[in-house]
Amino acid sequence: MLYYALVFFVVALIAGVLGFGGIAGASASIAQFLFFVFLVLFIVSLVMRVVRRP
């Protein structure tokens, strides 16, 4: 999922440089959303790992 966030971020950067503001904004918001979803899932997996240890 972090890979997809990075891909959308790169697409946003390239679209911003080329002057496509709408596409750049949409890609940046998708990348931001995917990054936060990745962070939440990462934190949940860390907590579950700590809880499962005997």
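**Figure 1. Crossing of helix 1 and helix 2 in the predicted model.** The crossing of these two helices is left-handed. Two packed helices are described by the angle between their axes and the distance between the axes. Here, helix 1 (residues 2-18) and helix 2 (residues 21-52) pack at an angle of about 160 degrees, and their axes lie 8 Å apart. Helix 1 is therefore roughly antiparallel to helix 2, because angles over 145 degrees are placed in that class.

**Figure 2. Residues at the contact between helix 1 and helix 2.** Helix 1 contributes L2, Y4, A5, F8, F9, V11, A12, A15 and G16. From helix 2, these residues are met by I23, A24, S27, A28, I30, A31, L34, F35 and F38. Sorted by class, the contact comprises 16 nonpolar and 2 polar residues, with no charged residues.

**Figure 3. Helix 2 and its buried residues.** Helix 2 consists of 32 residues. From its first C-alpha to its last, helix 2 reaches 46 Å, close to the 46 Å expected at 1.5 Å a residue. Its buried residues are A24, S27, A31 and L34, and these pack against helix 1. An α-helix has 3.6 residues a turn, so residues three or four places apart point the same way.

**Figure 4. Surroundings of S27 in helix 2.** Is S27 buried or exposed? Its relative accessibility is 7%, and S27 therefore counts as buried, because the cut-off for a buried residue is under 20%. When neighbours within four places in sequence are left aside, S27 is in contact with F8, V11 and A12. These three partners are among the helix 1 residues that meet helix 2.

**Figure 5. Surroundings of A5 in helix 1.** A5 is buried, with a relative accessible area of 6%. Apart from neighbours within four places in sequence, the residues in contact with A5 are A31, L34 and F35. Two of these partners, A31 and L34, belong to the buried residues of helix 2. Along the chain, A5 and L34 are 29 residues apart, yet their C-alpha atoms are separated by 5.4 Å.

**Figure 6. V7 of helix 1 and A31.** V7 lies in helix 1 and has a relative accessible area of 32%. This value makes V7 partly exposed, because it falls between the limits of 20% and 50%. How far apart in space are V7 and A31, C-alpha to C-alpha? The distance is 7.8 Å, although V7 and A31 are 24 residues apart in sequence. A31 itself is one of the buried residues of helix 2.

Terms used
Residues are numbered from 1 along each chain as its sequence is written. This is a predicted model: local features need pLDDT of at least 70, side-chain atom pairs count only at pLDDT 80 or more; totals for chains, interfaces and linings use all residues. Side-chain values use heavy atoms; hydrogens and water are left out. Axes are lines fitted to C-alpha atoms, for helices over the stretch in contact, and angles run from 0 to 180 degrees between N-to-C directions. Helices (H or I, at least four residues) and strands (E, at least two) are DSSP runs, numbered from the N terminus. Angles under 35 degrees count as roughly parallel, over 145 as roughly antiparallel, 65 to 115 as roughly perpendicular and the rest as oblique. A crossing is left-handed if the near helix is turned anticlockwise from the far one by less than a right angle, and right-handed if clockwise. Contact means heavy atoms within 4.5 Å. Ala, Val, Leu, Ile, Met, Phe, Trp, Tyr, Cys and Pro count as nonpolar, Asp, Glu, Lys and Arg as charged, and the others, Gly among them, as polar. The expected span of a helix is 1.5 Å times one less than its number of residues. Buried means under 20% relative accessible area, exposed over 50%, partly exposed in between (1.4 Å probe, protein chains only).
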